[in-house]
Amino acid sequence: MLEQSKIDKITSDLLGSIRLNKSFMIWMGFLGVSLFVCLGAYVKQLTDGLVVTGLGDYVSWGMYLSNFVFFVATSLIGMLISAILGLSGAKWAAPLARIAEIIALAFAAVAGLVIVSDMGRPDRLLNVFIHGRVQSPIVWDITVVTGYVLISALFLYIPLIPDLKICSEKLDKIPPFQRKIYKILSLNWNGTLEQEKLLKQSTRMLAILIIPVAMAIHTVTSWLFASTPRAGWDSTIMGPYFVTGAFVSGSAAVIIAMYFYRKNYKLQDYITDFHFDKMGKLLVLVSLIYLYFNLNEYMVPGYKMKKFDAIHLNNLFIGGHAVMFWMVQIFGLIIPIILLLFKKMRKPLPMLLIGIAVLIGAWFKRYIIVIPTMEHPFLPIQNVPLHFKVYTPTGIEILVSIAPLILVLIIITLLSKVIPIIPIHETIEQLEEKH
Amino acid sequence: MYRIKFKIAIILGFTGLINFQSFAQNNWDVPADKKSKNSNIEFNSGTAKEGEGIYNTNCKSCHGDIGKNNSLQSLKPVPPDLSSAQSKALLDGELFHILNVGRGLMPSFKEVLPESDRWKVIAYMRSYDKDYVQIISKTDPAKANLVKIKMVFDSINSKLNVEVVANEKAGIVKLKNAEIALFVTRHFGKMQLDKTLRTDNNGNASFDFPKDLPGDKVGNVELIVRVNDEIYGEIESISKFKIAVPTDKPSLTEKRAMWNVLAKAPIWLILLYLSGVLLATGVILYIIYNLYKLSKSNNNLKN
């Protein structure tokens, strides 16, 4: 058995972050004001319509759609770290599971809002449900995204139950109503054998369920594109291409979150260099797989250069989108892979910088997937002004695209102020097993 | 050799001249008899309102909003704003003629819009001109009601013969030299058959009828004859004939298909979708039941 003093230290260490301090207030204030500005831009879009964006008849999917794909992609990491690594017995990932789940839940929940921002008439949102057809990939997408948000919430909540009990008992400086909420949510947890069994079983079932559902949400998102015959989208590997790309951006997001949690919540003993090293290796692995898919996605049609593919690919390789395309491939994928092969680079600070580069690259990669194809329809575009043919996002569009990111940060910040970011119950359990 | 070169030079010169004319504004050269034509529909706020609807669907894409000078600038020549001084200066008959014949990118609306609609668009244009005073045509619109159009199908020669007469009080009058066109109703509007002809001295015209025109299941088609006469105005007559090729192609939306409505979605797709949703919902419900058991198990222990 672990001695009580050690258990107490772990508990107080990990509960330490649950308090509202000054830096939290400043950070939330900053996020709040930024969100307010972005919402102002959205109100302008609501009143004037989508004319305030760069969208039109030809490029009708612009920054909003690529933003949506990015958000769905990043949310997939919960499934990789908590479910796949968890089920395969990779114990090192256990302390990161909750961080990954929080990121997953926040990004998935906000992804739905991103889609609404792309609608000129959001008041007609219900029509999608009333008149939706089961043949439409959009309907599948709505179904799986909703399902994934629900399952992610459960997947965050269920392993949290014992910790909620600890919160209700051990946190001293909280208002009574908060204690009451912890108590209700901890569902009379008492750590009996039967409860442990039920908890393990439910977590396991969820871990299995979340794998196909997470695969489905990003595969279906890729089918929004792949189910059309347009150059650049008409590809059979779109599903796995998107899923592997998702792991890249999600891993980067987790690395960034790890860095800030470790630093701000003084978790150096729990999120160690060892974890960064492991995450670095994981990022190399998923990036290599993604690079492999990129090779397939661009080299195979690039070798054949069929008429319409050629227009599209030339635009990416040497044309108007070439700078963005090569920056994304080189700085968002190739250089990070090479750097992360060195042990020295798999330390917290270099990893943070690499993670940021990868995440930015991942965002622009979605832009590269969505927009250039829209600019080259099969039917020639004639007699229209230049800004119909070449898409440039407007300032309002950019602000409205930043809003979801702020929202995600707000959700993540709030969640990490009410629940322990490292699972207490599991940490203690793991230590006990070792003894 | 020299002569040929000379001919080419003349031809080039001519085409150059024509080109030049089509770029120069407002040189419509409307024949005198067309110029003097007037509407017998009164231009008032009612007809202008109807004309606005017709304008928005047929003209706005090129000419923009009247008075706002926002016509489609990428066309050559740029379509004029129809409230501009040069357009205002055109007579009703000239405008009507322009709508009938078109020029270059300006389409002909003769077979697209009935005469009354063409006049209503002009009524709408004129509503932007405060100084405009209408000269109403002296022709009597009621005269159109006297006209009878008779269609007879000649199956041996595959011709549709039409006779146009007017039942005047004084007796039957044959409409001579009246413009006459034949249309067939299709899914998305009318399709003209043969060319636009003129009636002969007996008020007759004969159209070639295609042998391969698809009809409905039993071969019915709806034919429309449109006559345009100087005195009697525009008259249309619609009748059904069982003279086309019977066609019984199942409609593309009859069977279950990817492009069909929800009620006609492919079965395999419905099954796949439902089984996925049910499976996931089942597992989630089971887990929620587990949570319920979990919250109760503690109480059992205590009791």
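This dialogue walks through several features of a predicted two-chain model, from the contact of chain A with chain B to a salt bridge within chain A.

Biologist: Before reading anything, what are the ground rules for this model?

Modeller: This is a predicted model, in which local features need pLDDT of at least 70 and side-chain atom pairs count only at pLDDT 80 or more, while totals for chains, interfaces and linings use all residues. Residues are numbered from 1 along each chain as its sequence is written, chains are lettered from A and ligands numbered from 1 in the order in which they are written, and side-chain values use heavy atoms, with hydrogens and water left out.

Biologist: How many residues does each chain bring to the contact, and what area is buried between chain A and chain B?

Modeller: The size of an interface is often given as the accessible area lost when the parts come together. Here the contact (heavy atoms within 4.5 Å) takes 29 residues from chain A and 30 residues from chain B. The buried area (accessible area to a 1.4 Å probe that the two parts lose on being put together, summed over both) is about 2,400 Å², and carbon and sulfur atoms give 71% of that area. On the side of chain A that touches chain B, the elements giving two or more residues are helix H7 (137-157) and helix H10 (193-226) of chain A, where helices are DSSP runs of H or I with at least four residues, numbered from the N terminus. H10(A) gives the most to that side, with nine residues.

Biologist: How many salt bridges are counted between chain A and chain B, and where does one lie within chain A?

Modeller: Side chains of opposite charge can pair when their charged atoms come close. A salt bridge requires a side-chain nitrogen of Lys or Arg within 4 Å of a carboxyl oxygen of Asp or Glu; the count between chain A and chain B is zero, although the structure holds 23 over all chains. In one of these, the side chains of A:Glu429 and A:Lys200 meet at 3.6 Å, N to O. A:Glu429 lies in helix H18 (residues 424-434) of chain A and A:Lys200 in helix H10 of chain A, so the pair ties together parts that are 229 residues apart in sequence.

Biologist: Which backbone angles deserve a second look at A:Leu187 and at B:Pro77?

Modeller: Most residues other than glycine have a negative phi, and most peptide bonds are trans. A:Leu187, which is not a glycine, has a positive phi of about 50°, and this residue is found in the loop between helix H9 (176-185) and H10 of chain A. The peptide bond from B:Lys76 to B:Pro77 is cis, with omega near -5°, and B:Pro77 sits in the loop between helix H4 (60-63) and helix H5 (85-88) of chain B.
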